[in-house]
Every structure is written in structure tokens, then in C-alpha cells.
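Reader: Could you take me through a close look at one part of this structure, and then show me how a few other places compare as settings for their side chains? I would enjoy a connected account.

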Amino acid sequence: DEWFSRGKKLPEDPGADTVDFPKRTTPAKGYELLFQPEVVRIYISLLKESKTPAILEASAGAIQNLCAGSWTYGRYIRSALRQEKGLSAIADLLTHDSERVVKAASGALRNLAVDLRNKELIGKHAIPNLVKNLPGGQQTPAKNLSEDTVVSILNTINEVIVDNLEAAKKLRETQGIEKLVLINKSGNRSEREVRAAALVLQTVWGYKELRKPLEKEGWKKSDFQVNLSNASRTQGGSSFDDSTL
């Protein structure tokens, strides 16, 4: 309890490049073993070295869970993943052939992006691959991901671009707006997908700096508003999105 309470003081700068775990006086045991800095290195090693989809999915899922919410060690682990160069290893999984791996990677990045410095780095390096996983566009062959995975990716994109103008610019540069509007207006996506896409579009439109460039490209304010009239009523999964697995 004494050791655990040491971590309750918030870091002075949540976006700082380094953060030190509380120093231990006794070896970690029981559930404490789940959130030690050395465990972060093990997960990153598995992500980089394993070729087995189940191991990649489980490792990314474990990171997602450890980084969920605002608990003290979630903050430390978000920072530790960055310090140990783990963000790129997770972002690389977005191109994996296994949909389950892609979804787990997306969920992990969403929780990691709560950290301000992580958000900046993920915005620079992961937005293109997140956009590639969305339905529509000119890609060949087209992705055919499930509703749950598409919603997860959309929620991750939104987490990354909130309070992050550069990431919103990157989303525009990578043809993300076209795919989002298509989801919003095509009429063949579920209500959950439409709502998630509309949330991202509203976040983009909220940046006044982007409105003129978007209007010059032919977009209108109405393109960035929710359009549920044509949404498919076929629903799958739960009506909410878990912050953890």
C-alpha cells in the first residue's frame, strides 16, 4: 500500500518524454507483476518478434488494458511504451492480415493516445494506416472489416485528432475525409459506424484553420454533420465501446 500510494501524485507534465515508476523496496508479486516497467519490455519484444497472430493480438490487448483509464500506473505505462520505442511496433500491426490483430492494435493506440506526447507521435505516424483500414476509397483489394473493428478504428482516429491540429491535417492529407463522408452518407453502413464517423468529422470541422482548405476542396458544412437517415439498422456487438478488452 505504501509503494502503491507513491504513484498517486500526478506527473508534473503528463506529456513529458520521461516518467519514473515509483521505486520499489520489495520485489513485485501477485497482480503487481502485471504493471512493472520490465513487463512493458516483454510485450514490446513479443510485438516485434512474434509471427503468431494470437500472440500479437494478446500482447496488444494487454497493453490496451494496462493503458485504459486514468489510474496511476496506466499513465506510467503509457509513458513507458513511448520511452521503450513501442508505439511504432503497435502502429505496424495496423497493416497485419489478421483483423483481430488490427482491432487490438487500434484499441491499444486509442488508450495510448491519452498521453499528450503519444497523441502527437501517433498522429504523425499511425493516421495513414488507420485510414487505410476504413472502408471505401480506391485501395485494392478493398478492406472488408467488421463493424466492431471499423468503429474501433474510427474512435481511435477521433482520440488522436482531438486537440491535435497536426493529426487532423494528416487525416485530410491521407484522404481520410473522403472515407469518413462515404461512411456517413453511403447508406450501407451501420448506425454505430455512421455515428463514429460523424464524430470524427465534427472534430475536424471544429478546427477553424481547416474550414477554408476543406471548402476549397468542395466540402460543405453539411458533409461534417451526422446523417443517420440512410444508416443501415443492422446492428452487431454491444451498444457501447469498451475502453478495455
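**A close look at Leu-46 and two other residues**

Author: Happy to! Leu-46 sits in helix H2, which covers residues 37-49. Please keep in mind that this is a predicted model. With a relative accessible area of 34%, Leu-46 is partly exposed, because that value falls between the 20% limit for buried and the 50% limit for exposed. Leu-46 also belongs to a nonpolar surface patch, which it makes together with Ile-42 and Ile-55. The area of this patch is about 230 Å².

Let us turn to Asn-111, whose place is in helix H6, residues 99-112. The relative accessible area of Asn-111 is 7%, so this residue counts as buried. As for a partner, the side chain of Asn-111 comes to 2.8 Å from the backbone oxygen of Gln-64.

Our last stop is Thr-174, in the loop that lies between helix H10 (165-173) and helix H11 (176-185). Thr-174 has 18% relative accessibility and is therefore buried, the cut-off being under 20%. A polar atom of the Thr-174 side chain lies 2.9 Å from the backbone oxygen of Lys-170. If we set aside neighbours within four places in sequence, the residues in contact with Thr-174 are Ile-127, Pro-128 and Val-131.

To put the burial side by side: Leu-46 is partly exposed, whereas Asn-111 is buried, and Thr-174 is buried too.

How values were computed. Residues are numbered from 1 along each chain as its sequence is written. This is a predicted model: local features need pLDDT of at least 70, side-chain atom pairs count only at pLDDT 80 or more; totals for chains, interfaces and linings use all residues. Side-chain values use heavy atoms; hydrogens and water are left out. Helices (H or I, at least four residues) and strands (E, at least two) are DSSP runs, numbered from the N terminus. Buried means under 20% relative accessible area, exposed over 50%, partly exposed in between (1.4 Å probe, protein chains only). A polar contact is a pair of N or O atoms within 3.5 Å; within protein, one must be able to donate a hydrogen and the other to accept it, and residues adjacent in sequence count only if both atoms are side-chain atoms. Contact means heavy atoms within 4.5 Å. Patches are made of residues with over 30% relative accessible area and no salt bridge: like charges are joined within 9 Å, nonpolar side chains (Val, Leu, Ile, Met, Phe, Trp, Tyr) within 5 Å. Accessible areas come from the Shrake-Rupley method with a 1.4 Å probe; for residues, only the protein chains shown count as cover. A salt bridge is a side-chain nitrogen of Lys or Arg within 4 Å of a carboxyl oxygen of Asp or Glu.
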